[in-house]
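Visitor: Before I accept words such as buried or disulfide for a model, I would like to hear the reasoning behind each of them. Could you take me through it?

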Amino acid sequence: MLEDIGCAAIMPLASLIGSGMGILNPWNLSLIIEQSKVPVIVDAGVGTASDAAIAMELGCDGVLMNTAIAGAQDPVRMAHAMKLGIDAGRHAYLAGRIAKRFSASPSSPMAGRVVK
């Protein structure tokens, strides 16, 4: 509906604004991303670089943040960590993760192994 009224982006919350609790409902965020034709930018709740990476791995187009950086003990270092997390998450999304399975499937071949 937001797209229908002309919104240029969808900006869902990962969790409460300023909480730093991270992405509490990745399935909901995935549904929003899947259905949106405009950019999806996580707008709140990011606390650390791994939260930003998860948002990007899910397919978000960006992460808007303030409190996680402004409230960090070392804001410059946290800003750098966020950049790295966003870059890593985006690369992981574009690379395409392996499918999640209920059973294991080793990637190492059994042929040629030395067995005692």
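Guide: Let us begin with a definition: a residue is buried under 20% relative accessible area, exposed over 50%, and partly exposed in between. Please keep in mind that this is a predicted model.

Visitor: What makes G20 partly exposed?

Guide: The relative accessible area of G20 is 37%, and partly exposed is the term for values between the 20% and 50% cut-offs, so G20 is called partly exposed. This glycine sits in the segment before α1, the helix of residues 26-35.

Visitor: Which residues is G20 in contact with, leaving aside its neighbours within four places in sequence?

Guide: Contact is counted for heavy atoms within 4.5 Å, and with those neighbours left aside G20 is in contact with G45, V46, G47 and D51. In addition, the C-alpha atoms of G20 and T67 are 7.8 Å apart in space, although the two residues are 47 apart in sequence.

Visitor: Why does L29 count as buried?

Guide: L29 has a relative accessibility of 5%, and buried means under 20%, so L29 counts as buried. It lies in helix α1, and, neighbours within four places in sequence aside, L29 is in contact with P12, I23, V40, V42, L58 and C60. L29 and G59 are 30 residues apart in sequence, with 9.1 Å between their C-alpha atoms.

Visitor: What is found at G59, just after α2?

Guide: G59 takes a positive phi of about 115° there. Helix α2 itself covers residues 49-58, and its buried residues are A49, D51, A52, A53, A55 and M56. Among the elements that cover these buried residues are β1 (41-42), β2 (62-63) and α4 (75-95).

Visitor: How do you know how many disulfides the structure holds?

Guide: A disulfide is a covalent bond between the sulfur atoms of two cysteines. The working cut-off is a pair of cysteine sulfur atoms within 2.5 Å, and the structure holds zero disulfides. For C7, the nearest cysteine sulfur is that of C60, and it is 16 Å away, so C7 is in no disulfide by the 2.5 Å cut-off. C60 is likewise in no disulfide, its nearest cysteine sulfur being that of C7.

Visitor: Are C7 and C60 buried, exposed or partly exposed?

Guide: C7 has a relative accessible area of 27%, and is therefore partly exposed, whereas C60, at 0%, is buried.

Visitor: Which elements does the protein have, and in what order do they run?

Guide: There are four helices and two strands, and from the N terminus on they run α-β-α-β-α-α.

Visitor: Why is the protein called more spread out than a compact globule?

Guide: The globule rule gives 13 Å for 116 residues, while the radius of gyration of the protein is 18 Å, well over that value, so the protein is called more spread out than a compact globule. Along the principal axes, the C-alpha atoms fill a box of roughly 65 × 40 × 20 Å.

Visitor: How much of the protein is buried, and how much area does it expose?

Guide: Buried residues make up 27% of the 116 residues. The protein exposes about 8,300 Å², of which carbon and sulfur atoms supply 60%.

Visitor: How many charged side chains does the protein have, and how far apart do the centres of the two sets lie?

Guide: The protein has 9 positive and 9 negative side chains, and the centres of these two sets lie 17 Å apart.

Notes. Residues numbered from 1 in each chain as written. Predicted model: local features only at pLDDT ≥ 70, side-chain atom pairs only at ≥ 80, totals over all residues. Heavy atoms only, no water. Buried < 20%, exposed > 50% of the residue type's maximum accessible area, 1.4 Å probe, protein only. Rg over C-alpha atoms; globule rule 2.2 N^0.38 Å. Areas by Shrake-Rupley, 256 points an atom, 1.4 Å probe, with all protein chains shown as cover. Lys, Arg positive; Asp, Glu negative; His and termini not counted. Charge placed at Lys NZ, Arg CZ, Asp CG, Glu CD.
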